[in-house]
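Me: I'd like to learn how to read a structure feature by feature. Could you walk me through one?
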Amino acid sequence: MMQRYDRIYASKVFTFTDDFNRLAFDADDFVTGGTGYDIASRLPDDVDIYRGLDYSLYGCKFSVQFYSRGCIRHCPFCIVHDKEGGIHPVDPMEWNDKAEWIEVLDNNFFANPEWRFAVGDLMRQNLPVKLHGVDVRIMDEEQAYWLNKMRLKGNVHIAWDLPQLDLTEKLESVIKFIKPYKITCYVLVGFNSTVEQDLFRLRTLKRLGILPFVQPYRDYNNRREPSQYEKDIARWANRAWLFKSMDFADYRPRNGFRCSEYLR
Ligand code: SF4
């Protein structure tokens with residue numbers, strides 16, 4: 001017999017994710033929320049404050065952690081500030097006692113005024129840490145030092161999304177502390193940037209030995225389809241062997257087409 005529930009809360013991250021099948025549940029009430037449904041939706045306070053996670057539900061081999069919500073910035077292509085407000089520390093989640101590593105999902109880890117507590121707390125777990133939101137624009141030597149001291153799982157993820165910013169000097173100082181091959185840099189294309197601006201960012205990263213991950217812009221309602229150019233530059237930049245072995249201008253994604261055409 002189907003388990004009966006008083007109320008089911010369901011969330012999704014992306015607007016393009018399919019809705020869950022309500023017919024699969026016997027419940028009086030369904031409440032949907034999360035970015036994929038409505039960025040203004042909020043959980044009731046007594047639910048939101050809860051810091052326990054049932055890791056067994058998905059057989060999680062990692063702990064999920066947040067030390068802050070929100071962000072100090074308001075980037076024009078990002079909904080974090082509208083959804084979560086300015087940066088503010090939050091109480092950490094409970095740990096998964098079966099965790100083999102920690103996924104740290106802060107939007108902007110080092111913008112948190114309590115980042116030193118967060119670093120200490122993570123180091124005390126003595127597990128590899130995967131950091132998702134590192135803002136290189138605010139990174140100082142102390143933060144880079146501690147980042148280098150942490151046991152990291154995979155690369156540190158940074159971003160160079162705004163084409164009008166030149167992060168060259170900042171990146172040069174960061175790679176004095178963190179080896180460039182341990183860094184992956186997200187590069188947004190298709191959001192008010194020219195081909196020249198995209199290539200300036202990508203060629204700078206290549207010169208510094210940092211691997212990029214190009215992301216064509218997707219709007220919140222997923223109505224925008226990436227252009228052929230955006231798909232081509234992402235395909236070239238996101239394959240390390242292609243990125244390292246040739247310039248974008250020499251890349252031939254299709255018979256009879258060379259990407260130098262985009263530079264005319
Ligand atoms: S720094 Fe990152 S999280 Fe913050 S507003 Fe910009 S894109 Fe969003």
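Me: Let's start with a loop residue. Where does L152 lie?

Reply: L152 sits in the loop between α4 and β8. Keep in mind as we go that this is a predicted model.

Me: Is L152 buried, exposed or partly exposed?

Reply: The idea is to compare relative accessible area with two cut-offs: buried is under 20%, exposed is over 50%, and partly exposed is in between. L152 has a relative accessible area of 29%, so it is partly exposed.

Me: Which residues does L152 touch?

Reply: Not counting residues up to four places away in sequence, L152 touches P128, V129 and L147. For a view across the chain, take L152 and Q65: they are 87 residues apart in sequence and 14 Å apart in space, C-alpha to C-alpha.

Me: Now the helix before that loop. Which residues of α4 are buried?

Reply: In helix α4, residues 141–149, the buried ones are Q143, A144 and L147. To see how they are placed, look down the axis and ask what arc they cover. Here the arc is only 100 degrees, which puts them on the same side of α4.

Me: What do the buried residues of α4 pack against?

Reply: They pack against α3 (115–125), β7 (129–131) and β8 (156–159).

Me: Q143 is not among the residue types I would look for first. Why does Q143 count as buried?

Reply: Go by the number: Q143 has a relative accessible area of 5%, so it is buried. Leaving aside its neighbours within four places in sequence, Q143 is in contact with F110, W115 and I138.

Me: And how should I read the start of α4? Which residue caps its N-terminal end?

Reply: For a cap, look for a side-chain atom facing a backbone nitrogen at the helix end. D140 caps the N-terminal end of α4, with a side-chain oxygen 3.2 Å from the backbone nitrogen of E142.

Me: Can we do the same exercise on α3? Which of its residues are buried?

Reply: The buried residues of α3 are W115, A118, V119, D121 and L122. Seen down the axis of α3, they fall within an arc of 165 degrees, so they line one face of the helix. Their packing partners are β6 (101–104), β7 and α4.

Me: What happens to the backbone just after α3?

Reply: Check phi there, and note the residue type. Just after α3, N126 takes a positive phi of about 55 degrees, although N126 is not a glycine. N126 is found in the loop between α3 and β7, and it is exposed, with a relative accessible area of 53%.

Me: Where does N222 lie, and what is its phi?

Reply: N222 lies in the loop between β10 (211–216) and α7 (228–237). Its phi is positive, about 60 degrees, although N222 is not a glycine. N222 is partly exposed, with a relative accessible area of 27%.

Me: Let's turn to the interior. Which residues touch the most other members of the largest nonpolar core?

Reply: Read a core as a network and look for its best-connected members. The largest nonpolar core has 46 residues, and F109, L171, I233 and W236 touch the most other members. A second, separate core of 6 residues includes Y55, V64, V90 and M93.

Me: Which residues is F109 in contact with?

Reply: Leaving aside neighbours within four places in sequence, F109 is in contact with Y67, V104, W115, A118, V119, L122, L131 and G133. You met W115, A118, V119 and L122 among the buried residues of α3.

Me: Which residues are around the ligand?

Reply: List the surrounding residues, then sort them by type. Around the ligand are C71, R73, C75, F77, C78, V80 and N107. This shell divides into 5 nonpolar, 1 polar and 1 charged.

Me: How about the end of the chain? Is R264 buried or exposed?

Reply: R264 is found in the segment after α8 (240–245). At 78% relative accessibility, R264 counts as exposed. The C-alpha atoms of R264 and N148, 116 residues apart along the chain, are separated by 42 Å.

Me: Finally, the overall picture. How many helices and strands does the protein have?

Reply: The protein has 8 helices and 10 strands. Of its 264 residues, 38% count as buried. The C-alpha atoms fill a box of roughly 65 × 45 × 30 Å, taken along the principal axes. Among contacts between residues at least 6 apart in sequence, 64% join residues at least 24 apart.

Notes:
Residues are numbered from 1 along each chain as its sequence is written. This is a predicted model: local features need pLDDT of at least 70, side-chain atom pairs count only at pLDDT 80 or more; totals for chains, interfaces and linings use all residues. Side-chain values use heavy atoms; hydrogens and water are left out. A nonpolar core is a set of buried Ala, Val, Leu, Ile, Met, Phe, Trp, Tyr and Cys residues joined through side-chain atoms within 4.5 Å. Buried means under 20% relative accessible area, exposed over 50%, partly exposed in between (1.4 Å probe, protein chains only). Contact means heavy atoms within 4.5 Å. Helices (H or I, at least four residues) and strands (E, at least two) are DSSP runs, numbered from the N terminus. The arc is that of the directions from the helix axis to the C-beta atoms. A polar contact is a pair of N or O atoms within 3.5 Å; within protein, one must be able to donate a hydrogen and the other to accept it, and residues adjacent in sequence count only if both atoms are side-chain atoms. A residue is near a molecule or strand if one of its heavy atoms lies within 4 Å of it. Ala, Val, Leu, Ile, Met, Phe, Trp, Tyr, Cys and Pro count as nonpolar, Asp, Glu, Lys and Arg as charged, and the others, Gly among them, as polar.
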